[in-house]
Amino acid sequence: MFVERFLRFIPKKSLKKAIAFFNKGDYRKACKEFEEYISHAGELDSGKDQELIRMYMVESYIEYSRKLDYDGDTSAAVKQLEKAIELQPKYADVHYGLGKLYEKVGNRVNSRESLKRALAINPNYFRARVMLARSYWLDGNHSRSAEELVSSLSASPAFFIEQLQDLTETVRREPSSEDINDLFRKLLEERPSSCLLYTSPSPRDRTRS
């Protein structure tokens with residue numbers, strides 16, 4: 001009887017600590033406590049409270065991944081985003097982020113798969129489409145790269161259309177041009193949030209199309 005009461009207590013204690021660490025911005029410890037909670041409480045169901053816990057866990061993995069990548073441990077950052085996707089596979093921007101990390105560690109095949117998953121969720125994800133085009137270009141598949149660039153036109157912000165058209169023509173006619181990588185970089189660089197580069201919202205407000 002005592003053991004049963006003790007085991008029921010552990011999940012609540014771990015959950016309370018996890019949320020406290022999350023609110024303090026200590027995402028490493030938050031991840032650890034959430035995992036402790038899950039190890040005793042079992043799988044999360046679709047109930048409202050459980051969905052809230054899932055959101056906190058996904059957010060913790062995402063933020064911890066960012067910190068690891070910033071600190072230079074990109075391989076460990078990959079593992080954290082993989083955990084986030086396992087919990088919630090319907091966030092296009094998390095798949096895109098994982099695609100970027102895979103590319104960074106030299107795993108271009110997995111990077112493309114992640115980008116394709118992001119686009120399956122949100123076909124108008126501009127950055128994901130451009131990054132996929134860049135990946136094909138880097139592998140020498142210039143015709144596929146140009147196809148992806150053409151597909152990205154319908155989702156492009158107006159101020160990028162001219163650059164995108166120039167890049168597409170350059171990939172088609174001069175695929176070895178030194179200017180191409182710089183053009184891709186300009187299209188993929190981070191911009192202020194007021195610039196709509198993709199339709200996926202911030203983590204706490206992500207839609208699940």
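**Helix α7 and its two partners**

Start with α7 and α10: α7 passes α10 in a left-handed crossing. Keep in mind that the model is predicted.

Select residues 126-138 for α7 and residues 179-188 for α10. The two helices pack at an angle of about 160°. Their axes lie 10 Å apart. An angle over 145 degrees counts as roughly antiparallel, so α7 is roughly antiparallel to α10.

Now show side chains. On α7, pick Phe126, Arg127, Val130, Met131, Ala133, Arg134 and Trp137. On α10, pick Ile180, Asn181, Phe184, Leu187 and Leu188. These residues make the contact between α7 and α10. Colour them by type: nine are nonpolar, one is polar and two are charged.

Next, keep α7 and add α8, residues 142-152. The axes of α7 and α8 come within 7 Å. They cross at roughly 170°. These two helices are therefore roughly antiparallel to each other. Here, too, α7 makes a left-handed crossing, this time past α8.

Which residues of α7 and α8 make the contact? From α7, select Phe126, Arg129, Val130, Leu132, Ala133, Tyr136 and Trp137. From α8, select His142, Arg144, Ser145, Glu148, Leu149, Ser151 and Ser152. By type, the α7–α8 contact divides into seven nonpolar, four polar and three charged residues.

Last stop: leave Phe126, Val130, Ala133 and Trp137 of α7 on screen. They are in the contact with α10 and also in the contact with α8.

Methods:
Residues numbered from 1 in each chain as written. Predicted model: local features only at pLDDT ≥ 70, side-chain atom pairs only at ≥ 80, totals over all residues. Heavy atoms only, no water. Axes fitted to C-alpha atoms, helices over the stretch in contact; angles between N-to-C directions. Helix = DSSP H or I, 4+ residues; strand = E, 2+ residues; numbered from the N terminus. Parallel < 35°, antiparallel > 145°, perpendicular 65-115°, else oblique. Left-handed = near helix turned anticlockwise from the far one by under 90°. Contact = heavy atoms within 4.5 Å. Nonpolar A, V, L, I, M, F, W, Y, C, P; charged D, E, K, R; others polar.
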